[in-house]
Each structure stands twice: as C-alpha cells, then as structure tokens.
Amino acid sequence: MTHPLAGKTTASVAVMLGLLAVPYLSPHLARFRVARAPWEKADKAAEIGPVNDTVVVPPPVLTEGETKLKASENEATVTNALPNAPATAAGDGSTAPTPNAKALAKAKNAMAVAIDDPSGHALDAFYTQLARTRAKGKGAITRILHYGDSVLVSDYISGTMRRRMQADFGDSGHGFLLVANPWEWYFHNDVAHGAGVGWSSSRITGPLAKDGMYGVGGVTFTGSPGATAYFGTSEQSKYGRKVSRFDIYYLETPNGGDIDVKIAGNVEKFSTKGEAKVSRVKSFPVTDGEAKMSLRVVSGNPRLFGVALERDEPGVVYDALGANGARAELLSGIDETHFGEQMALRKPSLIVLQYGTNESEAPGIAADYEKNLTAVIDKIKAAAPSSSILVVAPLDRAETTEGGALRTKPVIKKLVAAQKRVAEATHVAFWNTFEAMGGEGSMAKWAKNGLGGGDLTHPSPAGAEVIGDLFYQSLRAGFNAWGSSHSDAGASP
C-alpha cells in the first residue's frame with residue numbers, strides 16, 4: 001500500500017524546498033536566499049554595505065524601563081575565575097609560580113607593547129599619584145576605573161591588573177561592586193558578594209533609565225522592601241582578605257526609602273530620601289581585616305548603584321566596570337551633571353576605556369565612530385578633569401573564511417587604527433591590545449592553545465591573565481620611564 005504522503009504533490013513540494021535550500025549551502029549564493037535562516041545574525045550594517053571603509057550603522061535600539069533581577073551569587077568557576085596562585089611573572093626581580101604568563105605569552109607570539117603617548121604627559125596625573133602611593137604618603141590611594149564590555153563583566157584582565165598592582169603598590173581594597181548581577185555572568189575575583197530577589201535594574205546598554213543616572217558603574221538598581229544584598233572580603237582566595245570601610249553609593253531621591261545595614265551583628269538604618277536627585281555615599285567603617293556587610297531595603301524604593309570595599313592604607317583600588325554588549329558611545333547616555341558627581345565622589349587617578357568588540361559586529365567601522373569616541377573622551381575629561389585617560393584597544397577577533405581558515409576580522413584593525421588616531425588627537429594615552437596579543441591572526445592561535453574562547457572573540461581565563469600581565473608590564477614600564485625624569489616623585493627607573 002502506498003503511503004499517503006508519497007504522492008506527486010508531496011514530491012513536487014520536496015523538490016521545491018530542496019531548490020530553496022541550495023542558496024543556504026554557500027555564502028556565494030546568499031543573494032538568492034528568500035529569507036534569513038534562524039541561525040544567521042541580523043546585521044543591518046551588512047545590508048547597507050560599506051561606505052569608504054566605513055558603514056552606516058544605525059544606533060542600537062534601546063528602550064526605557066527596568067529589568068527584574070534574579071537572586072545571584074558571586075560564584076567562581078573554572079570558566080571565569082583566576083587561579084588562586086596567579087600565572088604571572090613581574091619581570092622586575094620578583095618571583096612567581098610557573099608556568100607564568102610572561103613565558104606563556106612569548107610562546108604564543110604575544111609581547112609587551114609600550115604605552116603610546118605622543119604628548120608625553122597624558123598619564124602625568126596618574127603617575128604622580130602612583131608615585132605618592134608607592135612612597136606610602138598618608139591617604140595616597142590610586143584609584144583606577146576600567147570601563148569596557150563583556151571582558152570586564154567577568155573581571156577579565158582587570159582581575160590580574162588588580163592583583164599585580166596591589167602586590168607592587170599596596171592593597172587599598174577590592175573597589176566597586178554592583179548591587180546585584182545585572183548579567184548572569186557578572187563576576188569579580190577575590191571578593192564575596194550576593195543579592196536576593198527584589199531588585200530591578202536599568203543599564204546604559206538597556207533598558208535605559210529615563211533620567212540618565214547610572215552611577216559610576218553604568219547600572220542603577222531600585223530595591224523593593226525586603227530586597228537584600230551582601231558584600232565582603234574573599235572567603236577562599238588569598239587575595240582580597242582585608243577591608244576597613246564599606247561605601248554605599250546611592251541616589252538621594254524624593255521617592256527613596258530606608259535601608260538597614262548589618263555588620264558583625266550590629267544594625268544601622270539610613271535613609272536615601274531627599275528633596276532632589278543627588279549622588280551620595282554612605283560609609284560604614286570596620287576594623288581593618290576580614291568583614292562582611294549586608295543591607296536590606298526596609299521601606300520605599302531606594303536607588304543604589306553599588307558598594308566599594310576600601311582600606312585606609314596607601315595602595316591601589318582597581319574598579320572593573322564592564323557592561324555586557326557595551327559600546328563606547330553608550331557612555332554618552334549618562335547625564336553629564338550626574339557623571340561629574342560620581343567622578344567627584346570616586347576620585348579616580350586613571351580612567352581606562354576598552355571598547356571595540358561590539359563595534360566590530362559590523363563589517364566596517366561606523367562613519368561617525370571617531371567623532372563619537374572623541375565626544376566620549378571629552379565628556380570624561382569634563383567629568384574628571386584631574387584624571388588621566390587611557391584608551392585600550394580591543395582584542396583580536398577571528399572569523400572563518402570561505403575556505404574554512406581562520407583570520408583576523410578586517411574591521412578589528414580598522415577600529416584599532418581609529419582609536420589610536422582619536423587618542424593622539426585628544427592627547428590621551430593608548431595601549432594596543434591587538435598588537436600585544438601578536439597582531440594579525442593571534443586570536444586563531446590563542447584559541448587553539450587554550451588562551452582564546454571557542455567564540456574566537458573572548459579570551460579564556462588563562463588568556464585574560466596573559467593580557468592583564470602584558471598590560472601591567474607596559475603600564476609599569478611607562479611609570480618607571482616617567483620616574484626617571486621625576487626623581488622628586490619617588491619613582492625609580
């Protein structure tokens with residue numbers, strides 16, 4: 001008996017579907033496709049096409065609102081955390097366990113790359129404060145704010161930088177943490193942190209806050225009564241074991257509320273209510289050492305940005321301020337007055353900008369990319385006039401050619417070149433991550449050797465540590481060179 005689906009009509013339909021499927025078998029036949037396959041990424045820029053090595057890229061469509069957050073814990077895993085014994089080698093006479101990042105980098109064609117500063121003064125403010133820190137002057141704390149995308153969300157690169165700088169210049173505390181996890185993979189090394197339900201967030205990457213007030217970390221949190229969070233020194237790592245002050249960064253608002261803060265069994269209440277929206281910090285000192293602070297929303301709907309763990313000892317604080325899916329231009333969405341308030345409260349000596357991965361989603365750089373990046377740098381200069389600025393290039397990113405080989409995405413090299421031009425024009429410093437990794441084709445090599453991720457975009461924890469170590473070597477070399485002509489600052493060459 002013939003199957004009911006084996007008739008001529010079915011056969012005809014099968015032949016037609018087969019013909020429609022042929023264009024999806026080769027990129028050369030893409031123009032014959034009748035629809036985008038579900039696994040293909042929508043790319044408006046690719047549809048518009050290149051314009052003089054740039055593309056017309058429509059800005060991200062971002063809506064206003066809040067996202068309700070799940071309960072979260074700062075959980076260290078083999079896919080996000082640095083090893084407790086770092087694979088680093090200072091190259092300055094100090095010892096470190098092996099294998100070390102320096103040897104590993106050399107084996108993968110990576111190299112230490114000098115900080116590019118044509119003016120010779122872009123990092124003066126940072127180096128001056130770092131020299132005071134090394135001289136152990138009273139209150140000589142050097143704060144570094146490292147902004148970026150998903151690489152920073154998991155404390156990649158920044159985690160190594162924090163460990164290295166604090167080992168050499170002193171530990172002034174872990175630094176700034178967001179109230180809760182706005183992204184599932186938000187993680188920080190060498191700290192204890194968690195949050196319960198009851199928090200909602202707005203982010204510079206969307207959904208947006210209507211007033212453009214996101215705090216120093218690019219995320220604002222609204223708590224409902226009963227919402228909780230805790231922050232503390234590391235419970236497992238040998239790093240991050242001391243704190244002497246918990247600083248709660250919040251927005252004073254007419255709709256604020258009361259918060260209970262609990263430390264060592266003692267509870268203190270404070271209010272976030274005020275007549276107008278103003279950036280504030282509430283500090284809770286503790287005996288220097290291991291400590292934990294928890295907070296709970298009692299009433300109202302307070303807006304909090306995060307908590308900084310700091311010590312009243314000369315040293316370095318390194319804030320990892322990544323936003324998943326971020327592009328540099330999104331910093332333009334922060335209210336200018338508010339941004340200035342936040343910088344005045346945080347007092348950074350150095351602000352690092354590391355973007356480009358998400359901008360590389362398009363086949364070429366946006367026509368107004370350099371203009372937008374310049375505007376962001378100008379905005380940061382206005383908000384933090386006493387801080388140095390350092391633009392850090394994106395990592396190499398690989399793609400598969402039609403022949404199946406891996407190569408550097410051409411847009412990466414264009415972005416790096418554009419960032420270097422902007423840095424020079426705005427008189428800020430520049431560090432070339434792409435070149436430090438080994439340049440053309442480096443991500444393909446790193447991925448094969450466990451330093452790069454399977455997405456050919458992100459580093460593995462080991463790869464991130466290599467980059468962090470190389471970045472530190474370059475920054476330290478620049479500081480030493482600066483010190484050779486500023487002997488009065490106490491820096492040795």
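**Close-up 1. Helix α7 and its two ends in the predicted model.** Lys 347, which follows α7, has a positive phi near 55 degrees. At the N-terminal end, Asp 335 acts as the cap, with a side-chain oxygen 3.2 Å from the backbone nitrogen of Thr 337. Within the helix (residues 336–346), the buried residues are His 338, Phe 339, Gly 340, Gln 342, Met 343 and Arg 346. Arg 346 also belongs to a network of salt bridges that links Arg 143, Arg 245, Asp 247, Glu 310, Asp 312 and Asp 319.

**Close-up 2. Contacts of helix α12 through Asp 469 and Arg 476.** Asp 469 lies in α12 (residues 461–484) and is buried, with a relative accessible area of 0%. Its side chain is joined to that of Arg 164 by a polar contact of 2.2 Å. Arg 476 meets Asp 168 in a salt bridge of 2.9 Å, N to O. This pair links distant parts of the chain, since Asp 168 is in helix α6 (residues 158–169) and Arg 476 in α12, 308 residues apart. Arg 476 is buried at 17% relative accessibility, whereas Asp 168 is partly exposed at 30%.

**Close-up 3. The salt bridge between Asp 116 and Lys 420.** The closest N and O atoms are 3.8 Å apart. Asp 116 sits in the loop between α3 (101–107) and α4 (124–134), and Lys 420 in helix α9 (residues 410–426), 304 residues apart. Asp 116 is partly exposed, at 25% relative accessible area; Lys 420 is likewise partly exposed, at 40%.

**Close-up 4. The salt bridge between Asp 260 and Arg 296.** The closest N and O atoms lie 3.4 Å apart. Asp 260 is in strand β12 (residues 258–263) and Arg 296 in strand β15 (residues 292–297), so the pair ties together parts 36 residues apart in sequence. Asp 260 is buried at 15% relative accessibility, while Arg 296 is partly exposed at 38%.

Methods: Residues are numbered from 1 along each chain as its sequence is written. This is a predicted model: local features need pLDDT of at least 70, side-chain atom pairs count only at pLDDT 80 or more; totals for chains, interfaces and linings use all residues. Side-chain values use heavy atoms; hydrogens and water are left out. Buried means under 20% relative accessible area, exposed over 50%, partly exposed in between (1.4 Å probe, protein chains only). Helices (H or I, at least four residues) and strands (E, at least two) are DSSP runs, numbered from the N terminus. A polar contact is a pair of N or O atoms within 3.5 Å; within protein, one must be able to donate a hydrogen and the other to accept it, and residues adjacent in sequence count only if both atoms are side-chain atoms. A salt bridge is a side-chain nitrogen of Lys or Arg within 4 Å of a carboxyl oxygen of Asp or Glu.
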